[in-house]
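Visitor: I'm new to this structure and would like a close look at a single part. Could you pick a spot, stay with it for a while, and then walk me outward from there?

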Amino acid sequence: MTVAATTCTHHLSLDSLLDELRSGSPISGQQACQLTRASDEQLPALLGAALEAKQRFKPGIITYSGKVFIPLTNLCRDYCGYCIFRRDPGQPGAHTMTPEQVLEVARAGQKLGCTEALFSLGDKPELGFPEMRETLRRLGYRSTLHYLEAMCELILRETHLLPHPNPGLLSAEWITRLAAVSPSMGLMLETTSTSLLEPGAAHHNAPDKIPARRLRTIEEAGRQNVPFTTGLLIGIGETPEDRVDTLLAIRELHRRYGHIQEVIIQNFRTKPDIPMRDWPEPTQGEMLRTIAVARLLMPDVNLQAPPNLSAPYYDELLDAGINDWGGISPLTPDFINPEKPWPHLEELKLRTEAKGYSLRQRLPVYPEFLPALRTRTGLLAEKLEALTDREGYARRSMAA
Ligand code: SF4
């Protein structure tokens with residue numbers, strides 16, 4: 001699909017636009033573009049409209065997924081400017097997990113009430129590194145994706161967790177294969193801006209971050225009716241209009257296929273050891289505007305923002321219309337932002353309840369996407385049945 005550039009070409013009165021939002025219909029790209037630039041005085045009205053939309057969609061409830069984070073391999077052939085996770089072979093910390101390590105983490109998570117095994121890994125490292133080809137040969141697999149597929153199956157067979165793979169770009173064949181061993185999967189679109197591929201920008205030297213290629217994977221998941229998680233990474237050099245374009249591209253795919261189970265709005269956080277170490281972080285105001293605009297563009301799509309990346313003021317994100325906190329782990333760190341620990345579940349619950357919501361643990365697949373999965377047979381279907389309560393949430397949960 002092509003992505004249309006959304007430039008604010010004419011200026012309606014933003015105040016009258018905010019009045020119009022009470023109608024509840026999704027806003028246009030033009031309107032979104034203007035709203036991302038709402039002034040501080042206009043921000044409360046924007047947040048109010050977004051919150052009303054959230055309450056129409058899912059009143060009273062905020063969800064999270066109790067997860068363990070499984071970094072199957074941190075070798076990656078891409079070099080994103082903000083990434084602390086990736087390694088080249090031989091670098092300190094370079095690691096590919098063994099099946100025993102995968103199972104050990106999953107079983108420890110199970111004891112603590114986790115229900116999701118989030119597989120996060122570098123994109124096809126064997127294409128760039130002979131060392132990874134050798135590791136895979138020793139493990140007995142032809143590619144990282146073959147190994148991932150086997151580990152998802154292992155999780156299904158040996159634990160009460162459900163796998164949610166996040167392995168980068170996927171062909172139609174690999175979406176089919178991974179969908180047989182996981183109820184949902186994910187790929188962050190991050191941005192549709194191709195200017196970030198230019199020298200010195202965040203995605204220079206990251207061939208797997210070409211937006212058209214990522215859109216193709218997300219579209220193929222839609223064709224195959226796979227519940228899919230995607231989202232934006234904001235503050236990596238894109239403009240507010242680029243954020244709107246990215247949201248519009250996701251909305252368009254969801255309109256065509258109805259498979260976007262969740263949109264994540266993630267904020268860039270700087271770290272001393274990354275190429276973008278001197279880059280400014282997006283402000284909380286930018287986060288609030290982006291979330292609110294996402295909610296108004298997609299009033300009936302689950303919207304998530306990670307609390308650890310907005311601590312200590314993460315509960316403010318609820319005011320902008322999110323309905324999910326994403327994966328919270330009592331066991332494993334956020335390997336993508338290791339300096340930002342997840343809040344303890346008790347604190348998350350207290351802060352969520354203080355805003356007037358109840359907190360529920362969901363599975364990696366959202367309740368409304370379960371009916372389509374119930375037609376499946378085999379191990380995955382059995383596990384879904386066993387792990388889901390009558391409303392489609394997790395039957396077991398982490399202790400707060
Ligand atoms: S963000 Fe993902 S694709 Fe980019 S370098 Fe890190 S692991 Fe690789």
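**A lysine and its surroundings**

Guide: Let's start with Lys-209, which touches Asp-78, Cys-80, Glu-190 and His-203, leaving aside residues up to four places away in sequence. Before going on, keep in mind that this is a predicted model. Along the chain, Lys-209 has its place in the loop between β4 and α8. Is Lys-209 buried or exposed? Lys-209 has 26 other C-beta atoms within 10 Å, and 20 or more is the mark for buried, so Lys-209 is buried. One of its contacts, Glu-190, sits 19 residues away along the chain, yet the C-alpha atoms of Lys-209 and Glu-190 are separated by 8.3 Å.

Two of the residues that Lys-209 touches, Asp-78 and Cys-80, bring us to the ligand, since both of them turn up in its surroundings. Which residues surround the ligand? There is a run of names from one stretch of numbering: Cys-76, Asp-78, Tyr-79, Cys-80, Cys-83, Phe-85 and Arg-86. Gly-122 and Asp-123 join in as well, and Ala-206 and Asp-208 complete the list. Sorted by class, that shell has six nonpolar residues, one polar and four charged.

Now back to the loop that holds Lys-209. Asn-205 is found there too, in the loop between β4 (185–186) and α8 (211–223). Its phi is near 70°, a positive value in a residue other than glycine. Unlike the buried Lys-209, Asn-205 is partly exposed, with 15 other C-beta atoms within 10 Å.

Follow the chain through α8 and you come to another asparagine, Asn-225, in the loop between α8 and β5 (228–234). Here too phi is positive in a residue other than glycine, this time near 60°. Asn-225 counts as partly exposed, with 14 C-beta neighbours inside 10 Å.

With α8 in view, let's see how the helices pack. What angle do α8 and α9 make? Their axes cross at roughly 20° and come within 9 Å. That makes α8 roughly parallel to α9. As for handedness, α8 passes α9 in a right-handed crossing. On the α8 side, the contact is made by Leu-215, Ile-218, Glu-219, Gly-222 and Arg-223, and on the α9 side by Ala-249, Leu-253, Arg-256 and Tyr-257. By class, this contact of α8 with α9 has five nonpolar residues, one polar and three charged.

Helix α9 (residues 240–257) also packs with α10, at an angle of about 30° and with the axes 10 Å apart. That makes α9 roughly parallel to α10. Once more the crossing is right-handed as α9 passes α10. From α9 come Arg-243, Val-244, Leu-247 and Arg-251, and they meet Thr-290, Val-293, Ala-294 and Leu-297 of α10. The classes in the contact of α9 with α10 are five nonpolar, one polar and two charged residues.

Helix α10 (residues 284–297) has a further partner in helix α3 (residues 43–57): the two pack at about 40°, with their axes 9 Å apart. That makes α3 oblique to α10. The crossing of α3 and α10 is left-handed. Leu-43, Leu-46, Leu-47, Ala-49, Ala-50, Ala-53 and Lys-54 make the contact from α3, while Leu-288, Arg-289, Ala-292, Arg-295 and Leu-296 do so from α10. In this contact of α3 with α10 there are nine nonpolar residues, no polar ones and three charged ones.

Further along the chain, there's a peptide bond to look at. Ala-311 and Pro-312 are joined by a cis peptide bond, with omega about 5°. Pro-312 is found in the loop between β7 (303–304) and β8 (324–328).

Our last stop is in strand β8, where Asp-324 is found. How many C-beta neighbours does Asp-324 have inside 10 Å? There are 22, and with that count Asp-324 is buried. Asp-324 touches Ile-62, Thr-63, Tyr-64, Glu-262, Asn-302, Leu-303 and Gln-304, again not counting residues up to four places away in sequence. Asp-324 and Leu-359 are 35 residues apart in sequence, and their C-alpha atoms are 9.1 Å apart in space.

Technical notes:
Residues are numbered from 1 along each chain as its sequence is written. This is a predicted model: local features need pLDDT of at least 70, side-chain atom pairs count only at pLDDT 80 or more; totals for chains, interfaces and linings use all residues. A residue is near a molecule or strand if its C-beta atom, placed from the backbone, lies within 6 Å of it. Ala, Val, Leu, Ile, Met, Phe, Trp, Tyr, Cys and Pro count as nonpolar, Asp, Glu, Lys and Arg as charged, and the others, Gly among them, as polar. Axes are lines fitted to C-alpha atoms, for helices over the stretch in contact, and angles run from 0 to 180 degrees between N-to-C directions. Helices (H or I, at least four residues) and strands (E, at least two) are DSSP runs, numbered from the N terminus. Angles under 35 degrees count as roughly parallel, over 145 as roughly antiparallel, 65 to 115 as roughly perpendicular and the rest as oblique. A crossing is left-handed if the near helix is turned anticlockwise from the far one by less than a right angle, and right-handed if clockwise. Two residues are in contact if their C-beta atoms, placed from the backbone, lie within 7 Å. A residue is buried if 20 or more other C-beta atoms lie within 10 Å of its own, exposed if 12 or fewer, and partly exposed in between; C-beta atoms are placed from the backbone.
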